[in-house]
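Subject: Handover of a structure and findings

Dear colleague,

Please find below the structure that I am handing over to you, followed by an account of what was found in it.

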2 protein chains.
Amino acid sequence: MGKGNVLVGQSGGPTAVINSSLAGVFKNAKERGYNKVYGMRYGIQGFMDEQYIDLSDYVKNELDLELLKRTPSAFLGTCRYKLPEIHENQEVYKRIFELLDKLDIEVFIYIGGNDSMDTIRKLYDYSLLTGARQKFVGCPKTIDNDLAITDHTPGFGSAAKYIATSTKEVIRDALGFSYQKKNVIIEEIMGRNAGWLTGAAALSKGEDCEGPDMIYLPETPFDVDKFVSKVKELLAKKDVVVAVVSEGIRTKDGKYICELTAGSETKDAFGHIQLTGTAAYLAQVIYQEIGCKTRAVELSTLQRAAAHLASKIDVDEAFNVGGATVKAADEGSSGVMAVIERISDDPYMSTTGVYDVHRIANGEKVVPREWINKEGNYVTEEFLDYVRPLIQGHYEPMMVEGLPRHLTMNLKNYDWDKK
Amino acid sequence: MGKGNVLVGQSGGPTAVINSSLAGVFKNAKERGYNKVYGMRYGIQGFMDEQYIDLSDYVKNELDLELLKRTPSAFLGTCRYKLPEIHENQEVYKRIFELLDKLDIEVFIYIGGNDSMDTIRKLYDYSLLTGARQKFVGCPKTIDNDLAITDHTPGFGSAAKYIATSTKEVIRDALGFSYQKKNVIIEEIMGRNAGWLTGAAALSKGEDCEGPDMIYLPETPFDVDKFVSKVKELLAKKDVVVAVVSEGIRTKDGKYICELTAGSETKDAFGHIQLTGTAAYLAQVIYQEIGCKTRAVELSTLQRAAAHLASKIDVDEAFNVGGATVKAADEGSSGVMAVIERISDDPYMSTTGVYDVHRIANGEKVVPREWINKEGNYVTEEFLDYVRPLIQGHYEPMMVEGLPRHLTMNLKNYDWDKK
């Protein structure tokens, strides 16, 4: 008797390379002789409503697979849905496992971050209680790079490359205007509690760019008065000051800077506050205190969606780690997450491994204090040595009519006879 | 006796390809046997303070020239400086022409938009009054595409390509999250009075993307209540609504939407209000009126600085039109601007020409009403047929350590022995 089926889902905030992991899962599953590869629509939330597809209906050949690797956002759709604790509500679990049996699922892969690994942990624990046959494996994903154990997460490298490139371009733009005019740029970067992405803006520093003047990570408390003083001090010496701040910077009392301004505040299903407006608030403070030209630049969702500037290392690692999840399950592992292990820094080399998901779930990896300078306003060379290999190389988009082509479920065929 | 020197400057807001025009000026001037090519630092403003460089000190070989074509923002630095009318203050003109004679300038090239063409016009008029020997030629530049006569302006195509690509990525990102959750995205695009760039977001519409739901240009009055109704109407049928708005949309009474919110307002030297916050304001209105998740995305200065995604057509045309300015002066023209003439739409072909700068200066070219739909919330196929050729092709950045390399004046040499 042949192998059964694989079910794969995507969860949480998407990245530029989350579909490269999906492509890796699909290809490895096919090569290992699994029958069908089903995709959950909108993660576990959609799956419970019996929303799923057969990936072969959309990935029909190797060109489609390559397109999928270059398509940003979650091809299958994503969700932010938190499973209840098993002791709170077993009905949900019964429902899910009934569906798994109905679809003859042998392997359940969930591509996501901390919250998604929590889902894998719970499903695996429930399978132990009931003796269910399915294997549950997590595939790491998040631009924030805040997952424990894995050296880094797929998605981080491409976001870092986009941020470093954009920061370089924003700085160059600002310098062009600097004659007899003071100008303060404040750039806001994603990453609630972990400053990996914010720190990556420092990669813009090099032979042809001096990089940002200050970088503020959420790992150290932020002092608005000290910030204003620092800007004043720099403006006495130079015309353009560029500060990069995390959306999640807080005062020493733990209050988000973006909460200091009047604005709407919404929370997602996990109780996370939606953060925005940190740079806009600080730009306003600088304008009021100093009176010079200020500009707030928020890189917004482009940080996680800019597949047109994906890092080759990142796309390839995302693909490999996707394949590694199927391999792990096929070799008998369950309740694990595939991880990336760095073998060497220089030259950079990595491989994949697996790790007990109980050790990973809900543990947030932040930037170590020793990788932030003493003043708390820049990252160190060690930080940059860690990040730099992850932004190397370029995956050329497949351009159609001047724009990157994406693989989508409702692709239309061109009407050659239009007009 | 050989030829004298060329002086070139850059003015106004930079673009991704303004340095490609500079490269075209430099190369053509050298090939036509001019002696030195001087660059004004920070436009006419810096030049009056005797700030200039010899471009040969920085563009030393053909690789440098290629790098210059790929470097965003004004390599020479730019300014927003308005020359007085000749009858108001002749001292300024005496000063400039003294400097021109001192440097043995024969050709004066100014790369810029409407305000810069105004500078060319005044200097040319003064040269007629005094019989000065210099030729004055303007080179068109602006992401806004609001210059008259020229079919389009260099810089517009690359900004349009960046906006279309980013819009496509933002839409894909939003769609991934659409399960049982309403989501409204409002994207804000540059262009004070002309909606060319805002309309270019519609290029994202294609076989693999449905494009934005609404596009609001500054050419038609904006009605906040109608906008809210339209969003409500769409949300009844679909989960994700994407609206693209110009930073310059106004109510029928002429009030900027971004002025409806409390915020600081600053003006530049030309009396232009610095516009920002339109999307943020509308997102807040939608959140208050409808209560669903909203997100404001401002593409900010990246629209004019994202050389990493420059259009090949645009880079090449910018280079050619730069060369055409020197050619025009060398052949005896003065008081003219080089223009791009479209020879054919399909296949797209263009050439350069010259045109009397008096016909161009201060005349703003906006999107014709018939290229906007009746409801005033989208552009027509004619609009797209006009723009699409301008975003074609890609200029591969020269990547160093994973990031695009730029040519700068204070390039440092790598310290191979560091550590």
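In chain B of this predicted model, helix H1 lies across strands S1, S2, S4 (105–112) and S5 (135–140). The helix runs at about 175° to S1(B). The strands that H1(B) covers belong to an open sheet of seven, with mixed pairing and the order S3-S2-S1-S4-S5-S10-S11. At the edges of this sheet stand S3 (52–54) and S11 (348–356) of chain B; each has a single partner strand, so one side of each is left without a neighbour in the sheet. From one strand to the next, the twist averages 25°.

Within that sheet, S1 (residues 5–10) and S2 (residues 37–40) of chain B run parallel and are joined by three bridges. Val6(B) stands opposite Val37(B) in S2(B).

Helix H1 (18–31) of chain B also takes part in helix packing, since the buried residues of H3(B) pack against both H1 and helix H11 (312–330) of chain B. Which residues of H3 (residues 62–69) of chain B are buried? They are Leu67(B), Leu68(B) and Lys69(B).

The H1 and H3 pairing was also examined in chain A. There, the axes of H1 (residues 18–31) and H3 (residues 62–69) of chain A come within 7 Å and cross at roughly 145°. On the side of H1(A), the contact is made by Asn19(A), Ser20(A), Leu22(A), Ala23(A) and Lys27(A); H3(A) contributes Leu65(A), Leu68(A) and Lys69(A). By class, the residues of this contact of H1(A) with H3(A) divide into four nonpolar, two polar and two charged.

A further sheet of chain B is open and has four strands, in the order S7-S8-S6-S9, with parallel pairing. Its edge strands, S7 (214–216) and S9 (293–298) of chain B, each pair on one side only. On average, neighbouring strands of this sheet are turned by 15° against each other, with direction ignored. S7(B) pairs with S8 (residues 240–246) of chain B in the parallel sense over three bridges, and Ile215(B) stands opposite Val244(B) in S8(B).

Two helices lie across strands of this four-stranded sheet. Helix H6 (residues 156–175) of chain B lies across S6 (183–189), S8 and S9 of chain B and runs at about 165° to S6(B). Helix H9 (residues 278–290) of chain B likewise lies across S6, S8 and S9 of chain B, at about 175° to S9(B).

I turn next to the overall form of chain A. The chain has 12 helices and 13 strands. Its C-alpha atoms fill a box of roughly 75 × 60 × 45 Å along the principal axes. For 419 residues, a compact globule would have a radius of gyration near 22 Å, and the 23 Å of chain A agrees with this. Buried residues make up 57% of the 419 residues in chain A. Among contacts in chain A between residues at least 6 apart in sequence, 76% join residues at least 24 apart.

How do the two chains relate to each other? A rotation of 180°, with 0.0 Å of shift along its axis, superposes chain A on chain B with an RMSD of 0.0 Å. The two copies are thus related as by a two-fold rotation axis.

As to the interface, 60 residues of chain A are in contact with 60 residues of chain B. On the side of chain A that touches chain B, at least two residues each come from H2 (43–48), H6 (156–175), H9 (278–290), S9 (293–298), H10 (302–305) and S13 (403–404) of chain A. H6(A) gives the most to this side, with 10 residues. The residues of this side of chain A divide into 24 nonpolar, 22 polar and 14 charged. Because 100% of the interface residues of chain A are also interface residues in chain B, the copies meet through the same surface.

A last item concerns a single residue, Lys94(B), whose place is in helix H4 (residues 90–102) of chain B. Is Lys94(B) buried or exposed? It counts as exposed, because it has 12 C-beta neighbours inside 10 Å, and a residue with 12 or fewer is classed in that way. The C-alpha atoms of Lys94(B) and Val339(B) are separated by 29 Å, and the two residues are 245 residues apart along the chain.

With kind regards

Note on methods. Residues numbered from 1 in each chain as written. Chains lettered and ligands numbered in written order. Predicted model: local features only at pLDDT ≥ 70, side-chain atom pairs only at ≥ 80, totals over all residues. Buried ≥ 20, exposed ≤ 12 C-beta atoms within 10 Å, placed from the backbone. Nonpolar A, V, L, I, M, F, W, Y, C, P; charged D, E, K, R; others polar. Pairing = 2+ DSSP bridges. Axes fitted to C-alpha atoms, helices over the stretch in contact; angles between N-to-C directions. Rg over C-alpha atoms; globule rule 2.2 N^0.38 Å. Least-squares fit on C-alpha atoms with pLDDT ≥ 70 in both.
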